[in-house]
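Student: I'd like to learn how to read pockets, cavities and cysteines in a model like this one. Can you walk me through it?

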Amino acid sequence: MRHYLSNIYLGVYTALVGMRITFKQLLQPSVTHQYPYDRSFEQKKNIREIPKGYRGKLHNRIEDCIGCKKCEMICPVDCITIATQKLPKGERLWDSMNVVHLKDRTEIVGNIEGAEKPAPNTAVTIQTRDNRTVAVASEEIANVVERKPVIFYLDQFDIDMSLCMYCGLCTEVCPTECLIMFDNLSDGIEYSTFDRTDLIYEFAKPEMYEQPTDESTEAEAAD
Ligand code: SF4
Ligand code: SF4
């Protein structure tokens, strides 16, 4: 009988010892994150930075893309789709073009006054294709790209990130270095979605090739 009672005591005691951590955690605040409904935790700055050169989400600075299709050809899983149209013989969209990439990730497209490619860390004045003159301070500029005459329209430039295996080959062959992989926390690693089609990134901007009409230029001048 004594042995029987001792077994019951030991059974209850060891169960309680085992549950000690569970009881302790019952009183602690919740640490579970309802990801991806709640993304704020992932975006906090207290996570370790990812290293430079990390192969994150792909991005194409489409203003600099010349539609050469080298990235499409080298992709081992065929997740890049490009459709271009060649302009009629002798026709070109513009003789040359500069793209000033600003640090706030916007860009100004047009022709820089003076040198075609200004020296690094200098302010520039750019004549946009809709005839505005914009002065940009050197500290606002991330980089300046010079483009040769455009002979292709880019009708489609899609990357299916759900197929991508992050080999980075496409970025290495890109002659204008416009195709990049983000290596920062906010853009590079966190892009989950509920719908798989949202992972097909469409970069083509047909509006980039539209010549401004007289009416739109006048309307802008009036503003
Ligand atoms: S990084 Fe992705 S898109 Fe680029 S070549 Fe590799 S698999 Fe293709
Ligand atoms: S390799 Fe670069 S320039 Fe050529 S199509 Fe691809 S992104 Fe555009």
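Student: Let's start with the largest pocket. How much space lies in it?

Tutor: Keep in mind that this is a predicted model. About 520 Å³ of space lies in the largest pocket. There are 27 residues in its lining, and those closest to the centre are H59, R61, R105, I180 and F182.

Student: Which helices and strands each supply at least two residues of that lining?

Tutor: Four strands and a helix appear on that list: β1 (58–60), β3 (97–102), β7 (141–147), α4 (169–173) and β9 (179–181).

Student: And how does the pocket lining divide by class?

Tutor: Evenly, as it happens: nine nonpolar, nine polar and nine charged residues. Hang on to that split when we get to the cavities.

Student: Okay, cavities. What sets a cavity apart from a pocket?

Tutor: A cavity is space where the probe fits but cannot get out, whereas a pocket is open. With a floor of 30 Å³, the count here is two cavities. The largest has a volume of about 90 Å³, and 15 residues line it, with C65, C68, C71, C174 and C178 closest to the centre.

Student: Which ligand sits in the largest cavity?

Tutor: That's ligand 2. Around ligand 2 you'll find 15 residues, of which C65, C68, K69, C71 and C174 come nearest. By class, this shell has ten nonpolar, three polar and two charged residues. The lining of the largest cavity likewise has ten nonpolar, three polar and two charged.

Student: What is the volume of the second largest cavity?

Tutor: About 80 Å³. Its lining has 14 residues, and C75, C79, C164, C167 and C170 are the closest to its centre. The split by class is 13 nonpolar, one polar and no charged.

Student: Which ligand takes up that space?

Tutor: Ligand 1 takes the space of the second largest cavity. Its shell holds 13 residues, and C75, C164, C167, G168 and C170 come nearest to ligand 1. In that shell, twelve are nonpolar, one is polar and none is charged.

Student: With those cysteines around, how many disulfides does the model have?

Tutor: First the general idea: a disulfide is a covalent bond between the sulfur atoms of two cysteines. The cut-off to apply is a sulfur pair within 2.5 Å. By that rule, the model has zero disulfides.

Student: Why does C79 have no such bond?

Tutor: Look for the closest cysteine sulfur, which belongs to C75. It is 3.6 Å from the sulfur of C79, so the gap is too far for a bond.

Student: Is C79 buried or exposed?

Tutor: For this, read the relative accessible area: under 20% is buried, over 50% is exposed. C79 is buried because its value is 4%. C170 is at 9%, so it counts as buried too.

Student: Can you show me a case on the other side? Where is A135 placed?

Tutor: A135 is in strand β6, residues 133–136. With a relative accessible area of 66%, A135 is exposed.

Student: How far apart are the C-alpha atoms of A135 and T125?

Tutor: Here you compare position along the chain with separation in space. A135 and T125 are ten residues apart along the chain, yet their C-alpha atoms are separated by 4.3 Å.

Technical notes:
Residues numbered from 1 in each chain as written. Chains lettered and ligands numbered in written order. Predicted model: local features only at pLDDT ≥ 70, side-chain atom pairs only at ≥ 80, totals over all residues. Heavy atoms only, no water. 1 Å grid on protein atoms, 1.4 Å probe; cavity = no way out; pocket = protein on both sides within 12 Å on 5 of 7 lines; lining within 4 Å. Points joined across faces, edges and corners; volume = space filled by probe spheres on them. Nonpolar A, V, L, I, M, F, W, Y, C, P; charged D, E, K, R; others polar. Near = heavy atom within 4 Å. Sits in = over half its atoms within 2 Å of the grid points. Buried < 20%, exposed > 50% of the residue type's maximum accessible area, 1.4 Å probe, protein only.
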